[in-house]
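User: Hi! Could you walk me through this protein, starting with how its strands sit together?
Analyst: Happy to, let's look at it together.

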Amino acid sequence: MREDAQRGFTHEDYTVGWICPLEVELIAALEMLDEEHEGLPQPPSDHNVYNLGSIAGKNVVIAGLWKPGNNAAATVVTQMRMTFPHVRFGLLVGIGGGVPGTTEQGEMPEEGRIHLGDVVVSKPTGIHSGVIQYDHGKAYNGQFERTGALAPPPPVLLQAAQVLAAKRARWRRDPLAENIMRIDTTAPKMSRFRYPGADKDHLYPPEYVHRVRGVSCRQCECDTDQRIIDSLAEEADKDALPLIVVHRGTIASGELVIKDGVVRDRLAQEHGILCFEMEAAGALADFPCLAIRGVSDYCDSHKNDDWHGYAAAAAAAYARELLSHLPIDQVTRLAYVPNLEKLVNFVDDHERQDILEFISTRDEGAVQADTLKQRHKGSGRYLLETEQFRSWVDGSQILFCPGLPGAGKTVMTSIVVDHLQQQFLDTPAVGIAYFFCNFSQQSIITEDTFMACLLKQLVQSMPQIPGAIREYFARYRENKRRRPQLDDIYQWVNLVASQLSRIYIMIDALDECEAEVRTSILSQIFDLQSNCRLSLFATSRLVPDITSQFEQYPWLEIRAHPDDVKSYLSGQIAKLRPFVRKDANLRELIIESIAKAIDGMFLLAKLSIDSLKNKPSVKSIKSALKGLPTGSSAYNQAYQATMERINSQDSQTFAKKVLSWLVCSKERLTLSQLQHALGVEIGSSAFDEENLPDIECLISACA
Ligand SMILES: [Zn+2]
């Protein structure tokens, strides 16, 4: 707890709301948390009781209700969203009454009808959001009216539910059962969460009414012969935790409890309802939510509390598993949704993805993520702080960054991309696009693929896809249009550019793009600059054909900054032999010598330090440092040395020497004798202490 408080979570850190009205549901929810967080202050107007924590890296606000029912849920949700402004969606997790019909949507049809202890999850079908709200009075009179507008759950949640369903269908182990077992039912007061057993799952025909209100079926002697025999329940091992069946479909939410099997079946049949509950509708009115219900009764007159604990646990277990399948960045990326109009965007999210894929299938974001990973912590800051870079961000049109091979241009480009993405995180009208040219992909970089990829990224920056593109896509889907051609793409790029307040384009390694393609791309971008505020950042090796195009613009050479190199080398030294790590002078010497020799070429620093990895003694390291390749031919030399090392394997030759001494000497050598024997240099008259091989090297060579 103390640790969490020190970590200092704020109200803004919580992105998932978990609403559970009953105490039994709240306890189950708390058992699903990976971490519990300390409470945060709340305004006097907020009467909710919150429990804070995290599941799989997502911070969750758990809110109880002071009384069940739609109106209470609405109040709780409204207050929660004011106190925790970054909550993006809600999970309504608790118990509900199941409809004992066979589900079409159930992932495992062989499991048959809905049973007690199953889980029902809302799933939008046709026109509605997965939860339909009804007025209970009207429902009794046979009229069933939807009241209120319900927001559907965000697509990421539905996708996560789908992924989870697919995984559960294939996996032998069941993550839901594992989650349920987090609850220690042997603890006092926790026994109510125990699985009651298939033999406690009693279903009567809808018209068979419970005999005496207020007492159990057994006490009032409801006719056991009336029970509907279920082959699955019959065969089930009474005590073993069953496979929890998850049914996805429509959940009905009303203000009163349904306790009549006939009413239940009529409503269910008319509207395809799988489950009845009492909170979702109120909460869903203007807030994207997913309802998750553990089935605790059959909505008939025989209902009792026996299954409350286990059903609540099953629902909570599902919610936990769902959150584990939700990518963290997708949760934070979800925009906050203050009203219904904006929800339209969520509904359209699927279409949006389809259109983006249609524009280009290239995923430059993946390249960016991979490249940024290679960044050594804090490196590259020197460039971001230069005058040239700052004035480029502020609006100058072009910054050309040439560099020698291996200077770190690609990583630097990814640092620039990341920097801009952070800076303009909350500014949707700024378009950020980038492209990493790469020799190995040269065959597929054409003007088309390049521009389409750029367009895709610019469109991604917009809150809404321009109508012209949507329309084209719709027609294409109906087979009334061809795939967009280069002309269409240019037209759209211009259209999008006119709607963005400014654009940043980063291109890495222009020299790794075919000359003809490069020329047309650059001329198109320069053209675009006359119509909109566009800033271009480009890196390249010093190729005359390219540098001539940037003569009149500011240049900023990319070279490994000495501080970056030193910090990189200090990190790498940890991977060298222990005798090096322990010797402060030697460490210093290595860092200084390499930093000096590489002359701004990061890749050389890597090759140089790699060449030291198997050196067995101080002397061998020192002599390697003296011979570090420098100057323009450094790369060839460094590569050659690397190749030789791979072929000869320093450590192998050393091991052979060690073994020869051990096998061929007349008497048994002590470690010290062996060290000295190996340290003798043929042709040298004096003995050099520094050539004594390290003992640990010696031992590991023979291992
Ligand atoms: Zn009964």
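Analyst: One term before we start: two strands pair if DSSP finds at least two bridges between them. Also keep in mind that this is a predicted model.

User: Okay, so which residue in β13 does V430 stand opposite?
Analyst: V430 stands opposite R502 in β13. The two strands here are β12 (residues 430–436) and β13 (residues 502–508), and they pair in the parallel sense over seven bridges.

User: How many residues of strand β12 are buried?
Analyst: Seven of the seven are buried, so β12 is largely enclosed by the rest of the structure. Buried here means under 20% relative accessible area.

User: And which way do the residues of β12 point?
Analyst: They point to two sides: V430, I432, Y434 and F436 go one way, while G431, A433 and F435 go the other way, and all are buried.

User: Nice. What does β13 pair with besides that? I see β14 too.
Analyst: β13 and β14 pair in the parallel sense over five bridges. One example is M506, whose bridge partner in β14 is F537.

User: What about β11 and β14, in what sense do they pair?
Analyst: In the parallel sense as well: strand β11 (residues 398–402) and β14 are joined over five bridges. There, C401 has T539 of β14 as its bridge partner.

User: Is β14 mostly covered or exposed?
Analyst: Strand β14 (residues 534–540) is mostly covered, with seven of its seven residues buried. L534, L536, A538 and S540 point one way, and S535, F537 and T539 the other way.

User: Changing topic: which residues hold the zinc ion?
Analyst: The protein donors are H210 (ND1), C217 (SG), C222 (SG) and H302 (ND1), at 1.9 to 2.3 Å from the zinc ion.

User: What geometry does the site have?
Analyst: The site is tetrahedral, with angles of 95 to 119° among the four donor atoms. For comparison, the ideal angle for four tetrahedral donors is 109.5 degrees.

User: How are those donor residues spaced in sequence?
Analyst: The pattern is H-x6-C-x4-C-x79-H. C217 and H302 link distant parts of the chain, 85 residues apart: C217 is in the loop between α6 (175–180) and α7 (231–235), and H302 is in the loop between β10 (289–297) and α10 (308–324).

User: Are C217 and H302 buried or exposed?
Analyst: C217 is buried, and H302 is buried too.

User: Any odd backbone angles?
Analyst: Two to look at. C299 has a positive phi of about 55° although it is not a glycine. C299 is in the loop between β10 and α10, and it counts as buried because its relative accessibility is 3%.

User: And the other one?
Analyst: That is A509, with a positive phi near 60°, again in a residue other than glycine. A509 is in the loop between β13 and α21 (515–529). At 5% relative accessibility, A509 counts as buried.

User: Where is V163, and why does it count as partly exposed?
Analyst: V163 is in helix α5 (residues 155–170). It counts as partly exposed because its relative accessibility is 39%, and the band for that label runs from 20% to 50%. The C-alpha atoms of V163 and L322 are separated by 9.0 Å, although the two residues are 159 apart along the chain.

User: Last topic, empty space. How many cavities are there?
Analyst: A search of the whole structure finds two cavities of 30 Å³ or more. The second largest has a volume of about 30 Å³, and its lining is C437, F450, I507, L510, C513, R518 and I521. By class, that lining has six nonpolar residues, no polar ones and one charged.

User: What about the second largest pocket, what volume does it have?
Analyst: Its volume is about 850 Å³. It is lined by 37 residues, and Q374, G408, K409, T410 and V411 lie nearest its centre. The lining has 15 nonpolar, eleven polar and eleven charged residues.

User: Which helix gives the largest share of that lining?
Analyst: α17 does, with five residues. Helices α14 (364–373), α17 (409–423), α23 (562–573) and α26 (602–610) each supply at least two residues of the lining.

Methods. Residues are numbered from 1 along each chain as its sequence is written. This is a predicted model: local features need pLDDT of at least 70, side-chain atom pairs count only at pLDDT 80 or more; totals for chains, interfaces and linings use all residues. Side-chain values use heavy atoms; hydrogens and water are left out. On a 1 Å grid over the protein atoms alone, a cavity is a set of points where a 1.4 Å probe fits but cannot get out, and a pocket is an open set with protein on both sides within 12 Å along at least five of seven lines; lining residues have an atom within 4 Å of a point. Grid points are joined across faces, edges and corners, and a volume is the space filled by probe spheres set on the points. Ala, Val, Leu, Ile, Met, Phe, Trp, Tyr, Cys and Pro count as nonpolar, Asp, Glu, Lys and Arg as charged, and the others, Gly among them, as polar. Donors are N, O and S atoms within 2.8 Å of the metal (3.2 Å for Na, K and Ca); water is not among the atoms, so sites may look incomplete. Four donors count as tetrahedral if all angles lie between 85 and 135 degrees; four count as square planar and six as octahedral if opposite donors are over 155 degrees apart and all others between 65 and 115; anything else is irregular. Helices (H or I, at least four residues) and strands (E, at least two) are DSSP runs, numbered from the N terminus. Buried means under 20% relative accessible area, exposed over 50%, partly exposed in between (1.4 Å probe, protein chains only).
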